[in-house]
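Please look through the sequence and the structure shown below before reading on. The report that follows takes up a few selected places and then turns to the chain as a whole.

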Amino acid sequence: MKYVSPFILVLAGLLIPVNSFAEVGIPAMSVVTDSNGGQTYTLSIQVLIIMTIMTMLPAALMMMTAFTRIVIVLAILRTAIGTAQTPTNQIIIGLSLFMTIFVMSPVLNTINNDALQPYLNETITSGKALEMAQAPISEFMMRQTRESDIDLFARIAGIENIESPDDIPFTILIPAFVTSELKTAFQIGFLLFVPFLIIDLVVASVLMSMGMLMLSPLIISLPFKIMLFVLADGWTLVLGTLATSFYI
């Protein structure tokens, strides 16, 4: 008994804090309704919502901004020149990202002024902030989207009565916007491809007339295509055209 009593005392001392901490718990999920009818979520729910939004940021960046058009055009340009992996994928993606920020800066400023700052100052609720942030993005997407693409996805979804752009749900606007961006990107890519294709045809014809059938035309045409692109100030023309091709 002399050795059992200390053991029991230590065990009791370990159990008492556990019971006391179990009684003082912080609710994991709770919603508080204020006097104006708005709802405030606990910190745990806010963290959960933020983490969920962060997982969707890459898809939102590609599907709801100017990124899709820019990265496709730059990839087609690299293929047209024939420089294989130059510029590298990292450079193309990085350039497309910063060009997207440049093009979307008016939309981002509107979201910051109308949604983010009022929410950080606790003048509007999170739901109202999301609603205010959605409006400029929807307006940007609507300006780039063709009506035929919207009609297509609305018909597939079985929605017939669309009287104004505000009646178009995000589930229809996003795929219609992406489809329009793909069409526009390939149209711009076609126009970029034509002059380089002409150089390839001319070089191939010259080599065939000289009987040099074993020599690859790409080896001869590549320096001429690079020289043409540099002399025409190609990067300025391409990036400037991409920046001005969006309706802001």
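## A serine and its polar partner

In this predicted model, the side chain of S221 makes a polar contact with the side chain of D200, at a distance of 2.8 Å. S221 belongs to helix α10, which covers residues 217-231, while D200 falls within the range of helix α9, residues 170-209.

When its neighbours within four places in sequence are left aside, S221 is in contact with I199, D200 and V203, and D200 is thus named both as a contact and as the polar partner of this serine. S221 has a relative accessible area of 0%, and because buried means under 20%, this residue counts as buried.

## A threonine in a loop

T123 is found in the loop that lies between helix α6, residues 105-120, and helix α7. Its side chain reaches a backbone atom, namely the oxygen of P118, at 2.8 Å.

Is T123 buried or exposed? With a relative accessible area of 56%, T123 is exposed, because the cut-off for that class is over 50%.

## How α7 meets α9

Helix α7, made up of residues 126-144, packs with helix α9, residues 170-209, at an angle of about 40 degrees, and the axes of the two helices are 9 Å apart. That angle makes α7 oblique to α9, because angles under 35 degrees would count as roughly parallel and those from 65 to 115 as roughly perpendicular. The crossing in which α7 passes α9 is left-handed.

On the side of α7, the contact is made by Q134, I137, S138, F140, M141, M142 and Q144, and on the side of α9 by F170, L173, I174, F177, S180 and E181. Sorted by class, the residues of this contact between α7 and α9 are eight nonpolar, four polar and one charged.

## The chain as a whole

The chain contains eleven helices and two strands. Read from the N terminus on, its elements follow the order α-β-β-α-α-α-α-α-α-α-α-α-α, so that, with the elements numbered from the N terminus, the two strands come after one helix and before the remaining helices.

The chain has 248 residues, of which 27% count as buried. Where contacts join residues at least 6 apart in sequence, 67% of them are between residues at least 24 apart.

Conventions
Residues numbered from 1 in each chain as written. Predicted model: local features only at pLDDT ≥ 70, side-chain atom pairs only at ≥ 80, totals over all residues. Heavy atoms only, no water. Axes fitted to C-alpha atoms, helices over the stretch in contact; angles between N-to-C directions. Helix = DSSP H or I, 4+ residues; strand = E, 2+ residues; numbered from the N terminus. Parallel < 35°, antiparallel > 145°, perpendicular 65-115°, else oblique. Left-handed = near helix turned anticlockwise from the far one by under 90°. Contact = heavy atoms within 4.5 Å. Nonpolar A, V, L, I, M, F, W, Y, C, P; charged D, E, K, R; others polar. Buried < 20%, exposed > 50% of the residue type's maximum accessible area, 1.4 Å probe, protein only. Polar contact = N/O pair within 3.5 Å; in protein donor to acceptor, adjacent residues only side chain to side chain.
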